[in-house]
Protein chains: 2
Amino acid sequence: MTSLAEVHLNCSTCNLKDLCMPVGLSPVELEQLDELVSVRRKVIKGEVLFNAGDDFSSIYAVRAGTFKTRITTQEGTDQVTGFQMTGEIIGLDGIGNNNHICDAVALEDSEVCVIPYARLDDISQQFRSLQTHFHRIMGREIVKDQNVMLLLGSMRAEQRLAAFLSSLSERQRARGFSGREMVLRMTREEIGSYLGLKIETVSRTLTKLQKDGLIQITQRQLTLLRLDDLKHLATHL
Amino acid sequence: MTSLAEVHLNCSTCNLKDLCMPVGLSPVELEQLDELVSVRRKVIKGEVLFNAGDDFSSIYAVRAGTFKTRITTQEGTDQVTGFQMTGEIIGLDGIGNNNHICDAVALEDSEVCVIPYARLDDISQQFRSLQTHFHRIMGREIVKDQNVMLLLGSMRAEQRLAAFLSSLSERQRARGFSGREMVLRMTREEIGSYLGLKIETVSRTLTKLQKDGLIQITQRQLTLLRLDDLKHLATHL
DNA sequence: CGTGTTATTGAGTAGCATCAATAATTGTGG
DNA sequence: CCACAATTATTGATGCTACTCAATAACACG
């Protein structure tokens, strides 16, 4: 099922260390993290990193590529609960009940660093700053989810898309890109599923944003022409 | 502003210990928890436990009463992000960035146990099972939020209310009540804000559920007449 | 007992969904 | 590498859900 090309490496020399798990850790702590994160795993496009119901054993840091997480309802319909880019953590949903509640799927050929949860617990037991750090990562996940609740509960289609595109832009910028031009790794349907909209509405709304001169979009190739206006739209009605 | 009637007490003798923070802890660990949770605080109806922007110092276990948490947008509109009953934890939103992102407001005269976060970190550093336990509590918060995302992203008004009422019922049952009859502590507007609906829609939908014989509701007094059908409605289209 | 808050109900409407047809793109097997 | 199938995206016409506006009623509080 899943390809298991696993490679041993470490965090302290990783070029993502300013974005990812190691953020803000001292050299000594980094050394501990290196011991913890010793395995990488490739996940090719469309492949699943874990499924809902799987036993929870590890969390994952996206080393390269993009993922989506999705929850499937009892009816079989499913909803995207998030998109994860390099440096972001996947799998925290499993901690609550020792098994995953969502699937994680690669949107392009990707690679993750595997962080065995039991060992993370061990080591953060010994190094308090690592513990604090991990708590913060979980806390940010909670904040992020609550912001999505806000979006889904009270924004209109145009606002939702403006907020979504702004968020993508900011995350790209944090990764050293311009944040002005980017390639969408997800389909319109996946965007819609995440934003609580149908694919036709996503398509129409993107067209409208383009007509209004806020963005330029051709297939997956996106340019944010007036980012300020886009952000304003997302927050001010 | 806030009344600070604080009382010293402990978890090991608390009648909520099967619902609350102590769930599943051994006597030894309970002893540690007692040391941690030594202060209670009363919050009268309408009063605020903490505000968005406040420095994060503690999390809180609801000892008695009911709270809501709400996020305020830049426009000044706000959205309810959760309702907390006895034994449930409030304030985890503060961990991510060391300050709260939501307000917590008492919906009736209430009381919380104050759990200083720094000391929680200290003690879970020493007692691994406490650390694991706390991680699980945070993990469940993430799961809960993602389920709300699902509700907001893909359910219709009737389903949302059915899911909401079912959830209230289950939580009441977990607290030793029948789960059939209960008093709503929140207004229709607060319910609507939580479910992403307007007050008129909440009112109309409750009336419809009553006409269909699923519930009986008079003001805040609610009886679930056919809980199975209600749950079925919440999950099966 | 009066005032402000909360809730209900009706009429009309806006926004998004649905249904449908077509186009563009991607992936696949020969 | 091309042809065909499957997937993804766009656009239009129509319908339905939930919102808005408005009036009234019921209740909570001082």
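Which residues are the closest to DNA strand C? Select DNA strand C first: 18 residues surround the strand, and the closest are A:A157, A:T201, B:R188, B:S203 and B:R204. A residue counts as near a strand if one of its heavy atoms lies within 4 Å of it. Of the atoms of DNA strand C within 4 Å of the protein, 65% are sugar and phosphate.

This is a predicted model, in which local features need pLDDT of at least 70 and side-chain atom pairs pLDDT 80 or more, while totals for chains, interfaces and linings use all residues. Residues are numbered from 1 along each chain as its sequence is written, chains are lettered from A and ligands numbered from 1 in the order in which they are written, and side-chain values use heavy atoms, without hydrogens or water.

**Contacts with DNA strand C**

Next, display the polar contacts (pairs of N or O atoms within 3.5 Å). The side chain of B:S203 places an N or O atom 2.8 Å from a phosphate oxygen of DNA strand C, and a polar side-chain atom of B:R204 lies 2.8 Å from a base nitrogen of that strand. At A:K198, a backbone N or O atom is 3.3 Å from a phosphate oxygen of DNA strand C. Now colour α6(B), which gives the most to the surface near DNA strand C, with four residues. Helices here are DSSP runs of H or I with at least four residues, and strands are runs of E with at least two, numbered from the N terminus.

**DNA strand D**

Move to DNA strand D, where A:R188, A:S203, A:R204, B:A157 and B:T201 come nearest among the 19 residues around the strand. Side-chain N or O atoms lie 2.8 Å from a base nitrogen of DNA strand D at A:R204 and 3.0 Å from a base nitrogen at B:E200. For B:R204, the partner is a base oxygen of DNA strand D, at 3.1 Å. The largest share of this surface, four residues, comes from α6(A).

**Helix α7 of chain A**

Select residues 227-235 of chain A, helix α7, whose buried residues (under 20% relative accessible area, 1.4 Å probe, protein chains only) are A:L230, A:L233 and A:A234. Because these residues cover an arc of only 100 degrees around the axis, judged by the directions from the helix axis to the C-beta atoms, they are on the same side of α7(A). They pack against α4 (157-174), α6 (199-211), β10 (215-218) and β11 (221-224) of chain A. After α7(A) comes A:L237, with a positive phi near 60 degrees.

**A final stop at B:F164**

Finally, select B:F164 and its contacts (heavy atoms within 4.5 Å). Beyond its neighbours within four places in sequence, B:F164 touches B:F83, B:M186, B:I191, B:Y194 and B:L195.

Methods. Buried < 20%, exposed > 50% of the residue type's maximum accessible area, 1.4 Å probe, protein only. Polar contact = N/O pair within 3.5 Å; in protein donor to acceptor, adjacent residues only side chain to side chain.
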